[in-house]
Amino acid sequence: MNHIFNISTSLLASTYRFWRGTVASKTVNQPEDTLILFDREGDSDCRLVREVLTELNLDVIITPCPVGGKNLEQLQKQFNLRQLPIFVDNNHQVVCSGSKAICHHLFKHYQASRQPNKLLSSNQFSALKDGVTSKLASCIRLGAGTKARKSRQADLPLILYSFESSPYARPVREKLCELELTYILINIGKQQIADMGPAKMRWTLKPYQPLPNTKRDEFYQQYGNVQVPYLMDPNTKAAMFESEAILCYLESTYAL
Ligand SMILES: N[C@@H](CCC(=O)N[C@@H](CS)C(=O)NCC(=O)O)C(=O)O
């Protein structure tokens, strides 16, 4: 897909979802054992879970399960559950499936001290709205990331800094999904006005400063700015910014 078209439809997808999965809580209740999600990009139910993970500022190990892939086959054997998303929380010995059950679990155990607005559908109308808008967001992406492709497997999980609504990070997650590459998703959603906008055009005239003692702050200390997507591959020691470069890297390293 042409990159400009790719980013434009990704932007539309986030707009259909009213930019849910952008704002993250200012504090985080990160569990000791990293949460695990078996999901599929482009699946409307899976998106709702990833939005909540961004908003609660939680990191997660994602094992993508595209249609026709071996991950899905293994998963069905392992848990005897058919419906994605499937979620594993070893901190509470919980395995559950479906966005509603997973989001309730996340809120029950990991809600941070300050809750972002309207994180969960409070009534039937908003649940219907979530369902319809999330499906629309999938349609505009023309099924990107939903079907498995032949790929080389990675020994170690890749690491992706992202947040759910990022139009630049979505195509990268879709590619990781198609190639069935497990990755650690480090969510760094926006926590203040100064975080808004692209990294090179922030909504502030002052020099950028993330909130202190946050994941963004840690990232900033290391790289001198905050920009997503950022991919690290411990298998090859590659690390890079820029969605287009990351897509090329994944294609040339892992696609067969
Ligand atoms: N040219 C970059 C643009 C990346 C970019 O601007 N990402 C936005 C998020 S969509 C960002 O990092 N904004 C700054 C922030 O979140 O602090 C790419 O293609 O990856």
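Biologist: Why is Arg 173 called buried?

Modeller: Buried means a relative accessible area under 20%, exposed means over 50%, and partly exposed lies in between (1.4 Å probe, protein chains only). Arg 173 has a value of 0%, so the residue counts as buried.

Biologist: On what kind of model do these statements rest, and how are residues numbered?

Modeller: The model is predicted: local features need pLDDT of at least 70, side-chain atom pairs count only at pLDDT 80 or more, and totals for chains, interfaces and linings use all residues. Residues are numbered from 1 along each chain as its sequence is written, and side-chain values use heavy atoms, with hydrogens and water left out.

Biologist: What makes the contact between Glu 41 and Arg 173 a salt bridge?

Modeller: The term requires a side-chain nitrogen of Lys or Arg within 4 Å of a carboxyl oxygen of Asp or Glu. Between Glu 41 and Arg 173 the N to O distance is 2.8 Å, and the pair therefore meets the definition. Glu 41 lies in the loop between S1 and H2, and Arg 173 in helix H6 (residues 169-178), so the pair ties together parts 132 residues apart in sequence. Helices (H or I, at least four residues) and strands (E, at least two) are DSSP runs, numbered from the N terminus. Glu 41 is also buried, at 2% relative accessibility.

Biologist: With which other residue does Arg 173 form a salt bridge?

Modeller: Arg 173 also forms one with Glu 164, where the closest N and O atoms are 3.1 Å apart. Glu 164 has a relative accessible area of 3% and is buried. Both residues belong to a network of salt bridges that links Asp 39, Glu 41, Arg 50, Glu 164 and Arg 173.

Biologist: How many salt bridges does the structure hold?

Modeller: There are 15. Another of them joins Glu 55 and Arg 20, at 2.9 Å from N to O. This pair links distant parts of the chain, 35 residues apart: Glu 55 is in helix H2 (residues 44-55), and Arg 20 is in the loop between helix H1 (3-16) and strand S1 (35-39).

Biologist: Are Glu 55 and Arg 20 buried or exposed?

Modeller: Glu 55 has 4% relative accessibility and Arg 20 has 17%. Both are buried, because the limit is 20%.

Biologist: Why is Leu 136 called partly exposed?

Modeller: Leu 136 has a relative accessible area of 38%, which means that the value falls between the limits for buried and exposed. The residue is in helix H5 (residues 124-140).

Biologist: How do you know that strands S7 and S8 pair?

Modeller: Two strands pair if DSSP finds at least two bridges between them. Strand S7 (residues 230-233) and S8 have four, in the antiparallel sense, so the condition is satisfied. Met 232 stands opposite Ala 239 in S8. The two strands form a hairpin with four residues between them, and Lys 237 in the turn has a positive phi of about 70°.

Biologist: Which side chains of strand S8 point to the buried face?

Modeller: Along S8 (residues 238-241) the side chains alternate. Ala 238 and Met 240 point to one face and are buried, whereas Ala 239 and Phe 241 point to the other and are not.
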